[in-house]
Amino acid sequence: MESVIQRLRKLDAYPKINEDFYSRTFSGGLITLVSSLVMLFLFFSEFRLYLHTVTETKLMVDTVRGETLRINFDLTFPAVPCSLLSLDAMDIMGEQHFDIKHNISKKRINVHGDVIEVRKDGIGAPKIEKPLQRHGGRLGHNETYCGSCFGAETSDDDCCNSCDEVREAYRKKGWALTNMDMIDQCKREGFIQKVKDEEGEGCNMYGSLEVNKVAGNFHFSPGKGLYQSSFFLQDLFVSQQENHNISHRINRLAFGEYFPGVVNPLDGVSCVHEIPNGMHQYFLKVVPTIYTHIRGHTVRSNQYSVTEHYKKSEFVRADTPPGVFFFYDFSPIKVIFKEEHISFLHFMTNICAIIGGIFTIAGIVDSFVYHGQRAIKKKVEVGKYR
């Protein structure tokens, strides 16, 4: 047993020195104090990094197909009344949506930006006790109402009981409504009077839009846009006779849910146009993004980059309505963010490196100072004896 102990003593890499041989100096104490403070500072800095999360970033090819995308928007048009402002969307798969009203709200605003009224878009229309029927008579108590489509019927059984149904019938025919004063459904719904009441006002339009995850576009235009045989037709007589200022402010535009660190470059962007009509285009490159929180919650969202272009009215095709257009396409690469802590082993390795490194450097500095002082002291003593 004693031989084993003796062999272990020979392996001791830290031989002890008798305290009688220690030589403590003022410079050594000062270096020890400074190095200890540096060690404490670096220790707490490393400990704070260990407690905080770090975000790892990866790039991968996006192989997911067949998903849908929610677009959240909030735009203000200071010079376009809410009754004229409409939202249309279409994509390269051929899916088209016109005058979208689902999940959309509008705020009427005056010239000073104050809110006049907030209403959910597309909520009902004023009722009339005895609406006009196709045959020209008034609806009785026991009759079923069947409104005229004003020449756009495809059969004798077709009925248009609202202004929207008349516009849809005209769209299918490829016709444009140019005189809505003659449309009884539009008159009794108060549309024309609404346009007159909102003259000189602006509109704040906000909500969300569900689209396929393919390239497409959505646009805001002053008029109910119709699309027939790849051409736009404006069905509002006011849109055809007047000029519209499409100055706008994008309060918010986001593709998907919020996640920490996301930056939407169009948030807060304002565009003022002195020339009426025209076509303001935004070209967006959408990057699919997956963000995983430290607790395991995953957010599937998107980021985007943007370029923009404005076409004056003289350079816009006659069949294209004025408005603000957003053309989006998707990147084939998706970004993956993942929050995670530094591992405990990595933390301990850094702590050991801090202690060992500072201790070694302090020893080297102390050795230089000590031997330097001794050399100077010897030179001084030799000079005295001479």
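A residue counts as buried when its relative accessible area is under 20%. Keep that cut-off in mind as we walk through this predicted model, because it decides how we describe one serine further on.

Let's start with the whole protein chain. Seven helices and 16 strands make up its secondary structure elements. Of its 386 residues, 39% are buried. The surface that the protein chain exposes comes to about 23900 Å², and carbon and sulfur atoms contribute 57% of that area. As for how the chain is connected, take the contacts with a separation of 6 or more: 73% of them join residues 24 or more positions apart.

How far can you trust what you see? The average pLDDT of the protein chain is 80, and 81% of the residues score at least 70. Two stretches deserve some care. Residues 123-132 have a pLDDT below 50, and in the model this stretch makes 15 contacts beyond near neighbours in sequence. Residues 225-241 also have a pLDDT below 50, with 59 contacts in the model beyond near neighbours in sequence. Where pLDDT is low, the predicted coordinates should not be read in detail.

Now let's zoom in on that serine. Ser35 sits in helix 2, which spans residues 26-51. Is Ser35 buried or exposed? Its relative accessible area is 11%, so Ser35 is buried. Leaving aside residues up to four places away in sequence, Ser35 touches Ile358 and Ala362. The side chain of Ser35 also has a partner closer in sequence: one of its polar atoms lies 2.9 Å from the backbone oxygen of Thr32.

Definitions and conventions:
Residues numbered from 1 in each chain as written. Heavy atoms only, no water. Helix = DSSP H or I, 4+ residues; strand = E, 2+ residues; numbered from the N terminus. Buried < 20%, exposed > 50% of the residue type's maximum accessible area, 1.4 Å probe, protein only. Contact = heavy atoms within 4.5 Å. Areas by Shrake-Rupley, 256 points an atom, 1.4 Å probe, with all protein chains shown as cover. pLDDT = per-residue confidence, 0-100. Polar contact = N/O pair within 3.5 Å; in protein donor to acceptor, adjacent residues only side chain to side chain.
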